[in-house]
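User: I've got a protein chain open on my screen and I'm new to this. Could you walk me through it?

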Amino acid sequence: MFKRVLIFTVLMFLTSCKESNSTLFNFGDSTFTAPVYSQNSNGINFSIAKVPNEYFIEKSDFKEIDLLEFEDVFIYELLTDDSSDLMKTKSNLEFDEVVQHMSQQIFEDFVAVNKKGEQIPCQGVTHERTFQVRPQERLILYFKRTNDSPIEQIIYTDRLYGAGQVTHTLKEQNLNYDEF
């Protein structure tokens, strides 16, 4: 009997570990799950997930859903290994300079690569300031696709924290919507 319980417990543990590559996102009355791709560099975890365009509209001043028809929207999160304040502890710049870069110029640090190998510059970024409520920094990125070719990579050239180039290779982006 003990042997069966042990085997069952081990199998449950192994199957639960495989599902940790997706995250549940909530806003308003809507929820969705999306695969999350993470990479660690220089003591920082960089994570990205594709989200529905409605998420971007909800979180920004952008109001025209039709204009986002050929856009891909992603959430990009940065979190230090020790959950310290990233903008104060990991950059050589002054805090105000880091905030300014995160809020105004960071879109220049991102490029997407589609299936055809074409590079697509980031069209814009919304920086969700956390004001030390949560340890990670969150960016909402959007890229305008020039054709039907899906985005396969997001490349972030880190100019703030010394991590260098961080490349996320994306698999097929299946989003499971609750209410979208």
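User: What pLDDT does the chain average?
Analyst: Keep in mind that this is a predicted model, and pLDDT is the predictor's confidence in each residue, from 0 to 100. Of the residues, 68% score at least 70. Taken over the chain, the average pLDDT is 75.

User: Where in the chain is confidence lowest, and where is it highest?
Analyst: At the low end is helix α1, residues 2–18, with a mean of 34. The pLDDT stays below 50 over residues 1–20, and this stretch has 0 contacts in the model beyond near neighbours in sequence. Residues 175–180 are also below 50, but that stretch has 21 such contacts. So, to name both ends, confidence is lowest in helix α1 and highest in strand β9 (residues 165–169), at 95.

User: How many helices and strands are there in the chain?
Analyst: You can read them off along the sequence, where the pattern goes α-β-β-β-α-β-α-α-β-β-β-β-β-β. Count each letter type and you get 4 helices and 10 strands.

User: Among contacts between residues at least 6 apart in sequence, what percentage join residues at least 24 apart?
Analyst: A contact here means heavy atoms within 4.5 Å. Take the contacts between residues at least 6 apart, then pick out those joining residues at least 24 apart. That share is 63%.

User: Why do the buried residues of α4 line one face of the helix?
Analyst: In helix α4, residues 95–105, the buried ones are V98, V99, H101 and M102. An α-helix has 3.6 residues a turn, so residues three or four places apart point the same way. Seen down the axis of α4, the buried residues line one face because they fall within an arc of 160°.

User: Which exposed residues sit on the face of α4 turned away from its buried side?
Analyst: On the buried side, the cover includes α3 (86–89), β6 (119–128) and β7 (137–144). To count as exposed, a residue needs over 50% relative accessible area. The face turned away carries D96 and Q104.

User: How many residues of strand β3 are buried?
Analyst: Buried means under 20% relative accessible area. Strand β3 covers residues 44–51 and is mostly covered. The number buried is 7 of its 8 residues.

User: Which residue in β4 stands opposite F46?
Analyst: Strands β3 and β4 (residues 71–80) run antiparallel, joined by 8 bridges. Look across from F46 into β4 and you find L78.

Technical notes: Residues numbered from 1 in each chain as written. Predicted model: local features only at pLDDT ≥ 70, side-chain atom pairs only at ≥ 80, totals over all residues. Heavy atoms only, no water. Helix = DSSP H or I, 4+ residues; strand = E, 2+ residues; numbered from the N terminus. Buried < 20%, exposed > 50% of the residue type's maximum accessible area, 1.4 Å probe, protein only. Arc of directions from axis to C-beta. Pairing = 2+ DSSP bridges.
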